[in-house]
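Biologist: Hi! I'm new to this one, could you walk me through it?
Modeller: Happy to, here it is.

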Amino acid sequence: MPFPVYRPRRLRESPLMRSMVRETSLRIDDFVYPLFAVHGRGVREPISSMPGQYRLSIDELLKECKDAASMGIPAVLLFGLPRDKDPRGTEAYAEDGIIQQAVRAVKDTIPDLLVITDVCLCEYTSHGHCGVVEDGMVKNDPSLELIARTAVSHAEAGADMVAPSDMMDGRVGAIREALDEASLVETPIMAYSAKYASCFYGPFREAAQSTPQFGDRRSYQMDPANGLEAMREIALDVEEGADIILVKPAMPYLDIIQRARQEFNLPIAAYQVSGEYSMIVAAARNGWLDLDGAMVESLTSIKRAGADLIITYFAKTMAKRLS
Ligand code: PBG
């Protein structure tokens, strides 16, 4: 049906017509809201590289969680900043670690909000790497035990789901086995399966004070040039027992989200990371981009590519807009 018989503009004429034929729409329950927990009381420390985001002590974190839940946001993703860092990231799996305390507090106060925890060592290690360092190298197998211990301690504190982001080989299987041994068979794993070694994590590393003290993360996170490898990574995580697979970052990797959607039948999450957020906010602050427009368009593109869940620092702003 070529022009003039078919005129695509007919269905674009009015807002009502457009909304009737719209293929993708965002809903509040698509979103997961990431938050940063710190020790102390009354702490609400702005993160300079991520305007509108804060490091929160547990009392302040609870306010933020109540707010999020009342807006209909289904889940938060918690990151923790420890009191002290050491080579083995001890606080990551300590019973009274910052995340363990935060999870207990949120589940006690707001039982209806799902609490997902980021499982990684990089915020807790003095060297800032996501695993154990020996001879100047990040060692895979010795890291698995600590990562699995971290996941179990989060689940024991009451986390509804654990989300390993370290990219060590075999960690999903190690976590599943450890959870099952601890009778935590019901706790799902959201695996950061295709996590790229991306410069877009820059603002987060300031927020979480997790910049590697030597080298970079390219020996464990994926090369941004690889797509087939992402499918292999996801397949491994699925075999090892992942319940949700995650692609990260989101907007520079829409092709990966789409391929994952075509090849796998598990729910797919995508993480609109700190750099994606800060880039939009910074451009808007300079008057170069419309904040609302860029936020909605970026999130819509991620959903259109095939994401079922979107982790985004815009979750609250989006929830306000959608209500
Ligand atoms: C921890 C972790 C990182 C992010 C999520 N979990 C940082 C990293 O891998 O360096 C990034 C999140 C963001 O940029 O918003 N490994």
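Biologist: Which residues line the second largest pocket?
Modeller: Thr-24, Ser-25, Leu-26, Val-296, Glu-297, Thr-300, Arg-304, Met-318, Arg-321 and Leu-322 do. A pocket is an open set of points on a 1 Å grid over the protein atoms alone, where a 1.4 Å probe fits, with protein on both sides within 12 Å along at least five of seven lines; lining residues have an atom within 4 Å of a point.

Biologist: Is this a predicted model, and what should I keep in mind?
Modeller: It is a predicted model, where local features need pLDDT of at least 70 and side-chain atom pairs count only at pLDDT 80 or more, while totals for chains, interfaces and linings use all residues. Residues are numbered from 1 along each chain as its sequence is written, and side-chain values use heavy atoms, leaving out hydrogens and water.

Biologist: Back to that pocket: which helix gives the largest share of its lining?
Modeller: H10, with 4 residues. Helices are DSSP runs of H or I, at least four residues, numbered from the N terminus.

Biologist: New topic, then. How many residues surround the ligand?
Modeller: 17, with Lys-195, Arg-205, Lys-248, Ser-274 and Tyr-313 the closest. Surrounding here means having a heavy atom within 4 Å.

Biologist: How far is a ligand oxygen from the side chain of Tyr-313?
Modeller: An N or O atom of that side chain is 2.6 Å from the oxygen. For Lys-195 the distance from a ligand oxygen to a side-chain N or O atom is 2.7 Å, and a polar side-chain atom of Arg-205 also lies 2.7 Å from a ligand oxygen.

Note on methods. Polar contact = N/O pair within 3.5 Å; in protein donor to acceptor, adjacent residues only side chain to side chain. Helix = DSSP H or I, 4+ residues; strand = E, 2+ residues; numbered from the N terminus.
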